Amino acid sequence: MDYDAIVIGAGNGGLTASAALARKGMQVLLLERHNIPGGCATSFCRGRFEFEVALHQLSGLGTPEQPGPLRMTLDSLGVMENLEFVEITDLYSVHMPDGFHASFKPDKNQIIAELKEKFPHENEGIDGFFDLVYKYAGDMIGAFIFRDPEPSREKYPNMYRYAFKNAKAVLDDFFKDPRLKAVISVYWGYLGISADQMAFAYLAMILFQFIEFKPYHVKGGSQALSNAILNSFFTAGGRARFNCGAQRILTEDNQVRGVVTDDGDIVEAPYVVANISPVETYTNLIDKNLIPDNTLQEMNSRTLSNSAFSMFIGFDCEPEALNIAESTNFLMSSTDITRTNHDRMNRIDIQDELLVMSCYDVSDSSFSPPGTCQVNLVTLKYGDPWLDIPPGRYHEVKFRCAESMLCRMEEIYPEIRQHIEEIDVATPLTHMRYLGHPAGSVYGFEHRTRDSLFFQPGRHSPVKGLCFAGGWTGDGGFEPTLRSGVAAAKSILKQTNK
Ligand SMILES: Cc1cc2nc3c(=O)[nH]c(=O)nc-3n(C[C@H](O)[C@H](O)[C@H](O)COP(=O)(O)OP(=O)(O)OC[C@H]3O[C@@H](n4cnc5c(N)ncnc54)[C@H](O)[C@@H]3O)c2cc1C
């Protein structure tokens, strides 16, 4: 055999899997189709700006005194000392067209106080809701994170009680004011699932995580994180080929034998970690006859997550000149938290969608060149409608959507247009091109309540030696995908007794 393991894809999951395997002495080859590591966790340059592609807020890091799960993962890969993290001092702000604005710090007491000031008629519910969020998170940590071998309803009453309840149902139990419900559940704009279809677990855990472990950014952007993990991999003796994907996975007697690269080389190894979708793997990379019907049926029962429409804007001034005071901003045009709002992700045009606007320079003034700042303006969109656009009309449609999005931002920040120095736009087709995922999905399979964290596809495959890492195995987002690679590596090391 040429290698002990081959990792397909250098996204978060592929990078951490590669580094974790190499650091245990495995001979590993990492294959990446793009010319840089990171997948979503990359950057690109336009003019004097280096634009962040994906990371708005990093979860799960915590502080050295109160380390979160991600800090421990990165520590185990020896990359912490090569990275500098910037704590984002605000949790998020919401802006509505009627002038409503609320801003929250990542601090439970401050959030409760701010909400009570804005919604005094809901005082009691606000206390009760956050009490539940914390109790629920406590149960999840005990049962899930620490993997209690004998979880029970008695030990984890909140987890059992709310496991299959959607976030809207829980919000309805506590509150009457639709605006308050929309403000508290606005992180659905990250998760891509409206509150009535999202398991309460996701809302509870994202609030708890960001409040307790604080939201972070990485100095140098997420590309710096990807580079640091790749360096750890190289230092441990790993080898990587960029601009060279995996075209086929070779098997013999239902056991992995290696891969055929895009260059046509045959590379042998008994283990393959796929940081790509099972959809692509089972339909294009491996002999489909090897995959049992129930695996394919299970996969077909899931839906693909959304992709994204993003604008990367470099301004010739600092955030204050644009009146941007917070790093993370949700621009809302409706208090609808149901699937009606969700379904807007299925149309091409951008009108009253929920927008996320991050200005990294608010927390890190050195993020962009002196005297400038950059903004990442995103709304989540499904990829399928974009596949129907005739190629000749693509640019017209893309710029029409970008113009609508810019107008939305202008409603809140009227000075922006005259300060734009660089601008670029990514559509679901851009994500499809650079990630290679079906319909440009950025979070793997969708996590509606029925498919939520209790029913995740997991990393295992029916082919011996093949496993998955990254967003397609469970939750999307930096923290889960980075951790999923280490988990995949551990399962291989266990099989090889290393
Ligand atoms: C716009 C946007 C904003 C986001 N914001 C946040 C945020 O604020 N916080 C957060 O936690 N998460 C955020 N995310 C989500 C997060 O970025 C992703 O969940 C995570 O990076 C996905 O990692 P992954 O391991 O699944 O790999 P991916 O990033 O999906 O990478 C897969 C890699 O596989 C490669 N590949 C594909 N096919 C092949 C092949 N055949 N051979 C070789 N290589 C191949 C691709 O080129 C790619 O590099 C955001 C994502 C996007 C797109």
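1. The chain holds 498 residues, for which a compact globule would have a radius of gyration near 23 Å; the value for this chain is 22 Å, so the two agree. The model under discussion is a predicted one. Along the principal axes, the C-alpha atoms occupy a box of roughly 65 × 60 × 45 Å. The secondary structure comprises 17 helices and 19 strands.

2. Three domains divide the chain. Domain 1 is assembled from the segments 5–84 + 220–302 + 444–495, whereas domain 2 covers 108–210 and domain 3 covers 306–435. Between the centres of domain 1 and domain 2, taken over C-alpha atoms, the separation is 30 Å. The contact of these two domains draws eleven residues from domain 1 and twelve residues from domain 2. On the side of domain 1 that touches domain 2, the classes are three nonpolar, six polar and two charged residues.

3. The ligand deserves a separate point. Its surroundings consist of 38 residues, and the closest are Gly9, Gly11, Gly39, Gly245 and Gly470. By class, the shell around the ligand contains 15 nonpolar, 20 polar and three charged residues. The polar count should be read with the convention that Gly is placed among the polar residues.

4. Which elements supply at least two residues each to the shell around the ligand? They are helix 1 (12–22), strand 14 (307–315), helix 16 (428–435) and helix 17 (478–495). Helix 17 gives the most, with three residues. As for the domains, both domain 1 and domain 3 give residues to this shell, so the ligand lies between them.

5. One open sheet has seven strands in the order 7-6-15-16-17-14-18, and its pairing is mixed. Its edges are strand 7 (101–104) and strand 18 (420–426); each has a single partner strand, so one side of each is left without a neighbour in the sheet. On average, and with direction ignored, neighbouring strands of this sheet are turned by 15 degrees against each other.

6. Within the seven-stranded sheet, strand 14 and strand 18 run antiparallel and are joined by six bridges. Ile313 has Ile423 in strand 18 as its bridge partner. Strand 14 is also one of the elements that supply at least two residues to the shell around the ligand.

7. A further open sheet is formed by three strands in the order 10-11-12, with antiparallel pairing. Strand 10 (246–252) and strand 12 (266–268) are its edge strands, each pairing on one side only. Neighbouring strands here are turned by 30 degrees against each other on average, direction ignored.

8. How many bridges join strand 10 to strand 11 (residues 255–261)? There are six, and the two strands run antiparallel. Leu250 has Gly258 of strand 11 as its bridge partner, and Glu252 stands opposite Gln255 in strand 11. The hairpin of strand 10 and strand 11 has two residues between the strands, and in this hairpin Asp253 adopts a positive phi near 50 degrees.

9. Strand 11 and strand 12 also run antiparallel, joined by three bridges. Val259 is paired in this way with Val267 of strand 12. Four residues lie between the strands in the hairpin of strand 11 and strand 12, where Gly264 takes a positive phi near 90 degrees.

Methods. Residues numbered from 1 in each chain as written. Predicted model: local features only at pLDDT ≥ 70, side-chain atom pairs only at ≥ 80, totals over all residues. Pairing = 2+ DSSP bridges. Axes fitted to C-alpha atoms, helices over the stretch in contact; angles between N-to-C directions. Near = placed C-beta within 6 Å. Domains from an automatic or database assignment. Contact = placed C-beta atoms within 7 Å. Rg over C-alpha atoms; globule rule 2.2 N^0.38 Å.
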